[in-house]
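Q: Please take a close look at the interface between the chains. Then carry on into the empty space inside the protein.

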Amino acid sequence: MIEFRLPSLGADMDEGTLLEWKVKPGDRVEKGQVIAIVDTAKAAIDVECWQEGTVHRLIAEPGQKMPVGTVMALLLEPGETVPAEAATATPHTGSNESREVSSGSGALREVGAGGTAPPPAPEAGERRRISPAARKRAAELGVAVEKLIGSGPQGAVTLEDVEKAAARPAPAAPPGDRFLAMRQTIAAAMSRSKREIPHYYVSEDIPLARMLAWLQETNAQRPMTERLLPAAVLLKAVARALANYPELNGHYRDGAFQPAQAVHLGVAISLRAGGLIAPAILDAGAKPLTKLMQELADLVRRTRAGSLKSAELSAATITVTNLGDQGSHGVFGVITPPQVALVGFGRIAERPWAENGGLKALPVVTASLSADHRVSDGHRGALFLRELSDLLQQPEELAR
Amino acid sequence: MSRKLTYREAMREAMREALQRDPRVILIGEDVGRYGGTYAFSKGFLDEFGPERIRDTPLAELGFVGTGIGAALGGLRPIVEVMTVNFSLLALDQIVNTAALFHHMSGGQFSVPLVIRMATGAGRQLAAQHSHSLEGWYAHIPGIKVLAPATIEDARHMLAPALADPDPVVIFEHAGLFNLEGELPDIDGVDIASAKLRRTGRDVALITYGGCLPKTLAAAEMLAAEGIEAEVLDLRVLRPLDTAGIVATVAKCHRAVVIDENWKSGGFAAEVMARIMENAFYELDAPVARVCAEEVPIPYAKHLEEAALPQAEKIVAAVKEMFA
């Protein structure tokens with residue numbers, strides 16, 4: 001029997017998370033064949049097997065984190081047959097009762113018809129070991145506790161496992177579960193936000209006729225690839241307006257507000273498969289509009305391709321959510337902890353606008369601010385939105 | 001001003017103060033008079049307070065505990081000293097069937113303001129008949145209060161509220177603590193209603209009382225050296241048990257080990273664990289563990305006696321198993 005162990009994939013690697021098996025029990029494996037994808041702290045890496053054989057049993061489960069050297073799978077050497085005790089280690093195969101149990105729980109896997117793979121721990125019919133405190137905390141944080149790998153005695157899921165899972169920005173999960181994992185991460189962050197942050201909301205309708213006219217004029221002089229989107233101008237205006245409202249830009253940590261030195265603008269980007277990620281445009285206030293536009297486009301592309309840098313994922317000091325063309329008039333968002341504010345833009349649309357006793361149709365956007373009442377008050381929030389509106393009336397100033 | 005003294009001196013001071021303060025207080029028991037007490041708690045009391053108030057009794061626990069009950073009903077405030085908990089079983093009928101029930105059976109007309117002190121516990125090579133810890137049996141009985149002073153401060157200050165209590169109070173003094181020396185803080189008194197944190201931590205709650213407290217504190221130090229911060233809760237009062245205090249420490253640490261010199265089966269630790277399950281189940285991150293005496297008559301031989309009892313190393317091992 002060949003033991004396939006997690007190799008060290010770099011001098012600084014001491015553990016890895018199995019993302020996916022590329023083989024299944026019964027498969028023949030050749031030397032140098034990629035049989036698993038393992039996530040290290042840095043990247044997902046294809047792992048080859050350097051021995052020839054037949055996969056007998058997959059021990060590690062996708063999502064499982066393990067130290068280097070852990071036996072991940074057992075392979076039969078060429079010519080070796082299945083040992084007797086291993087064959088009897090699949091007692092539940094074919095039993096109707098155990099099938100019912102298996103299909104009833106997402107944590108358990110159906111035993112293959114050929115009976116080649118005994119179910120990984122936990123055994124079929126056995127209940128997952130989850131501490132009561134872990135269960136309670138998981139419910140509070142919205143973490144799917146059945147999916148976690150336990151670090152406690154006998155593989156029990158502990159409080160620490162749940163809190164680690166909730167804190168992880170993008171939990172390692174097999175591709176099929178990425179959507180679920182992302183949902184869990186969002187659930188945990190948003191539950192925490194609504195639990196901890198006393199939100200207040202203010203909104204302002206901002207006429208965009210001048211801004212859009214200027215944009216049209218500017219874009220007419222630019223090559224196709226360098227044209228600006230309204231979203232970039234809105235982001236720039238937010239970054240600029242924040243200069244006078246430091247209490248909206250920063251983090252609330254350890255019971256105190258820590259203002260940020262620069263504006264790292266988190267941009268909520270929805271993914272095509274569902275879910276969203278809010279990576280940051282670093283130091284957005286200092287960047288010219290053209291550069292901001294380039295970075296925005298690049299960020300959207302890379303977010304959807306899944307190739308973000310860790311700094312972009314963790315640096316945001318405030319988030320902007322922009323519903324764009326398809327959205328509603330306005331959005332009142334949930335702050336991403338530990339940030340203290342979120343700016344929302346609805347759809348830019350023509351609306352009736354009263355001015356100087358007359359009525360006209362104008363393109364208007366509803367801007368909203370959700371902010372942490374521990375740090376700022378509605379009055380300051382309203383002044384911030386007013387400044388944002390004023391800035392958007394002078395788009396040529398924003399271009400710089 | 002705090003000052004240094006032994007557990008023995010603290011208890012002696014407490015009794016002397018009680019005798020001086022209230023003429024109704026008397027002390028009765030085997031050897032408390034001429035001999036000065038089996039553990040020298042009452043040395044010199046006979047000369048100071050006279051034979052009316054310091055009474056030697058024959059080896060007849062049932063009789064002299066009954067005498068104490070009668071004296072209490074008659075208006076005195078007796079302190080009855082029973083040499084060890086092993087011998088108190090001879091007086092069990094008086095304590096359980098009479099003292100504990102009198103208030104109830106008389107429809108509240110009579111109370112028995114009696115304090116019974118007895119030594120408990122092992123560790124001094126006195127063999128099985130002098131070494132057992134049966135305080136859990138007494139904690140089972142409604143109608144009495146059960147105290148277990150484990151510190152100089154409690155030894156000095158628990159007697160006064162026990163005497164002030166209108167109903168019977170049994171005080172268990174672990175014989176292994178008598179020579180313990182420590183600082184007596186400058187305080188007016190202690191209550192006989194609550195448990196007390198003797199060390200704060202966050203990783204695991206070590207819940208104990210009496211003779212196991214010093215061992216548990218030593219274990220907490222050993223754990224701290226390995227990065228595990230243990231909280232130590234001294235129950236102090238075994239009946240009525242301070243459930244809120246137990247729940248608070250478990251809710252903070254999420255793990256608990258109960259340390260108790262009783263035998264494990266049906267022992268007092270089991271009651272503490274049951275309270276945790278009833279009141280703090282959802283706070284637990286691991287099964288509650290217990291470190292108790294081995295289920296044997298406590299041996300005479302020193303190494304066997306040590307092996308039979310909870311020790312700091314055993315407590316450390318039980319905690320580490322939780323973090324394995």
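A: The contact comes first, then the cavities and one pocket.

This is a predicted model: local features need pLDDT of at least 70, side-chain atom pairs count only at pLDDT 80 or more, and totals for chains, interfaces and linings use all residues. Residues are numbered from 1 along each chain as its sequence is written, chains are lettered from A and ligands numbered from 1 in the order in which they are written, and side-chain values use heavy atoms, with hydrogens and water left out.

Start with who touches whom. Chain A brings 12 residues to the contact and chain B brings 10, where contact means heavy atoms within 4.5 Å. The size of an interface is often given as the accessible area lost when the parts come together. Here about 730 Å² is buried between chain A and chain B, with 57% given by carbon and sulfur atoms. Buried area is the accessible area (1.4 Å probe) lost on putting two parts together, summed over both. On the chain A side, A:P132, A:K136 and A:P153 lose the most area to chain B. Together they make up 55% of what that side buries.

A:K136 has a second role in the contact list. It forms a salt bridge with B:E283, and the closest N and O atoms are 2.7 Å apart. A salt bridge is a side-chain nitrogen of Lys or Arg within 4 Å of a carboxyl oxygen of Asp or Glu. The rule finds one such bridge across this interface. Over all chains, the whole structure has 42.

Polar contacts add to the picture. Six residue pairs between chain A and chain B are in polar contact, both residues at pLDDT 80 or more. The term covers N or O atoms within 3.5 Å; within protein, one must be able to donate a hydrogen and the other to accept it, and residues adjacent in sequence count only if both atoms are side-chain atoms.

Now the elements. Helices α3 (132–141) and α4 (159–167) of chain A each supply at least two residues of the side that touches chain B. The largest share, four residues, comes from α3(A). Helices (H or I, at least four residues) and strands (E, at least two) are DSSP runs, numbered from the N terminus. By class, this side of chain A has six nonpolar, four polar and two charged residues. Ala, Val, Leu, Ile, Met, Phe, Trp, Tyr, Cys and Pro count as nonpolar, Asp, Glu, Lys and Arg as charged, and the others, Gly among them, as polar.

Helix α4 of chain A also holds a salt bridge of its own. A:K164 pairs with A:E160, the closest N and O atoms being 3.9 Å apart. The two lie four residues apart in that helix, about one turn.

Next, the empty space. On a 1 Å grid over the protein atoms alone, a cavity is a set of points where a 1.4 Å probe fits but cannot get out, while a pocket is an open set with protein on both sides within 12 Å along at least five of seven lines; lining residues have an atom within 4 Å of a point. There are five cavities of 30 Å³ or more. The largest holds about 60 Å³. Its lining includes B:H174, B:C212, B:D260 and B:E261. The second largest cavity holds about 50 Å³, and β13(B) gives the largest share of its lining, three residues.

The second largest pocket has a volume of about 720 Å³. Among its lining, α8(A) gives the most, with five residues.

How values were computed: Points joined across faces, edges and corners; volume = space filled by probe spheres on them.
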